[in-house]
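Me: Could you take one helix in this model and look at it closely for me? I'd like to know what surrounds it, and then how that part fits in with the rest of the chain.

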Amino acid sequence: MLLTMKSVHSLAHACSRMTPTFTSTTHGKYLQRCFASKTWEHTRKRKKPGGAGDRILSDAREVFEFNAWDHVEWDTEQEEAAQAAVAKNSTIKMSSDQRERFQSEAPKFWDSFYGIHDNRFFKDRHWLFTEFPELAPMSNNEQSEPRSIFELGCGVGNTILPILQYSTESQLKVYGCDFSARAIEILRSQPQFADKRCEVFVMDATLEKWNVPFDENSQDIIVMIFVLSAIEPSKMQGVLENCYRYLKPGGLLIFRDYGRYDLAQLRFKSGKCLEDNFYVRGDGTMVYFFTEQELRSMLAKTGLVEEQLIVDRRLQVNRGRCLKMYRVWIQTKFRKPLLSP
């Protein structure tokens, strides 16, 4: 069932005490709120239905029954409203001097970010084993050959640490890099970090040539989770070309990042836009919002072969505050072809 509202920019709608309707904010359909206290008091302790990908909202009246819903459909009105919101917050672009500052000083802004938040901002991504079973631990019986995983933009280890925590593979080697020296320092200090199985280092992935502790054509899996979006668009293709270079034949690139019209994009105010769909957050870090078509084009241009490319449209619900948040992420798996015999 499509979730619709009469007006995207209405300031308020009446809320019934017994049957929830929604108060619309300036984000319209994308961030909606109600004050039906009896409703959320009744539902806030309910468990999530089904497993990942199975939480389908078939009746809009049940929206606050659970914390999240998968595969939420958008109608034409909702799509057009999102386009209008982005057009509005992108009208004013930053000057070339401002763009140069944020792009050249990106490591400094990320160092500052991790200096403030340490390892508390992002949660460890245990969900990765569900979304990307290729990362799940293998038994030593299953692992007949050494396995190597490299995470680009590893931050403080929210992907690496769960892999190290759950894997007992004797022949597993995990690598990670980030251009924030502070993030690498925090990662190395974590109790789950195992330097015999994991090597992390500082590197700017936008450089033409990577300085990495492994050979080309050597990595079984390269992981990029909300990383490419932090890179200026003109340098994205070069990053993906290097991923291809260091994957072994048959190796897999795993990717998850922000999709176009995600709530985070619609929340930006005018004056924060560097270029189309590329913004600066309040802390100075940058973020881009992708379409599936442009990602498919960039990845295919490297020579990688598509195995999965999905747009994950999800409705997250804060039942305590009766808040609805529409999220859009893109998830991909692209494989490097085997060399010809």
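Reply: Let's start with what helix H10 leans on: its buried residues pack against helix H8 (236-246), strand S8 (247-258) and strand S13 (323-335). Packing here is about contact, meaning heavy atoms within 4.5 Å. Helices (H or I, at least four residues) and strands (E, at least two) are DSSP runs, numbered from the N terminus.

A quick word on the ground rules. This is a predicted model, so local features need a pLDDT of at least 70 and side-chain atom pairs count only at pLDDT 80 or more, while totals for chains, interfaces and linings use all residues. Residues are numbered from 1 along each chain as its sequence is written, and side-chain values use heavy atoms, leaving out hydrogens and water.

Now for H10 itself, which covers residues 292-302 and has Leu295, Met298, Leu299 and Thr302 as its buried residues. Those residues sit on the same side of H10, because the arc they cover around the axis is only 90 degrees. The arc is taken from the directions that run from the helix axis to the C-beta atoms. Look at the other side of H10 and you'll find Gln293 and Lys301 exposed. As for the words, buried means under 20% relative accessible area, exposed means over 50%, and partly exposed is in between (1.4 Å probe, protein chains only). Just after H10 comes Gly303, with a positive phi near 105 degrees.

H8 deserves a proper look, too. Two packed helices are described by the angle between their axes and the distance between the axes. For H8 and H10, the axes come within 9 Å and cross at roughly 45 degrees. Such axes are lines fitted to C-alpha atoms, for helices over the stretch in contact, with angles from 0 to 180 degrees between N-to-C directions. H8 and H10 are therefore oblique to each other. The cut-offs: under 35 degrees is roughly parallel, over 145 roughly antiparallel, 65 to 115 roughly perpendicular, and the rest oblique. The crossing of H8 past H10 is right-handed; that's the word when the near helix is turned clockwise from the far one by less than a right angle, and left-handed is the word when it is turned anticlockwise.

Which residues do the touching? On the H8 side they are Met236, Gln237, Leu240, Glu241 and Tyr244, and on the H10 side Met298, Leu299, Lys301 and Thr302.

Met236 makes a nice stopping point. This residue belongs to H8, and a relative accessibility of 2% makes it count as buried. If you skip neighbours within four places in sequence, the contacts of Met236 are Leu228, Ile231, Tyr288, Phe290 and Met298. Thr206 is 30 residues from Met236 in sequence, yet the C-alpha to C-alpha distance is 7.5 Å.

Step back along the chain from H8 and you reach Phe226, in the loop between strand S7 (219-225) and H8. Most residues other than glycine have a negative phi. Phe226 has a positive one of about 50 degrees without being a glycine, and with a relative accessible area of 25% it is partly exposed. Asn277, also not a glycine, has a positive phi near 65 degrees. You'll find Asn277 in the loop between S9 and strand S10 (278-280), and its relative accessible area of 12% makes it buried.

In strand S9 (residues 273-275) there is Glu275, partly exposed at 32% relative accessibility. Not counting residues up to four places away in sequence, Glu275 touches Lys93, Gln103 and Pro233. Glu275 and Tyr288 are 13 residues apart in sequence, with 9.3 Å between their C-alpha atoms.

How does this part fit into the whole? The protein has ten helices and 13 strands, and 49% of its 341 residues count as buried. Among contacts with a separation of 6 or more, 72% involve residues 24 or more positions apart. About 16600 Å² of the protein is exposed, with 50% of that supplied by carbon and sulfur atoms; areas come from the Shrake-Rupley method with a 1.4 Å probe, and for residues only the protein chains shown count as cover.
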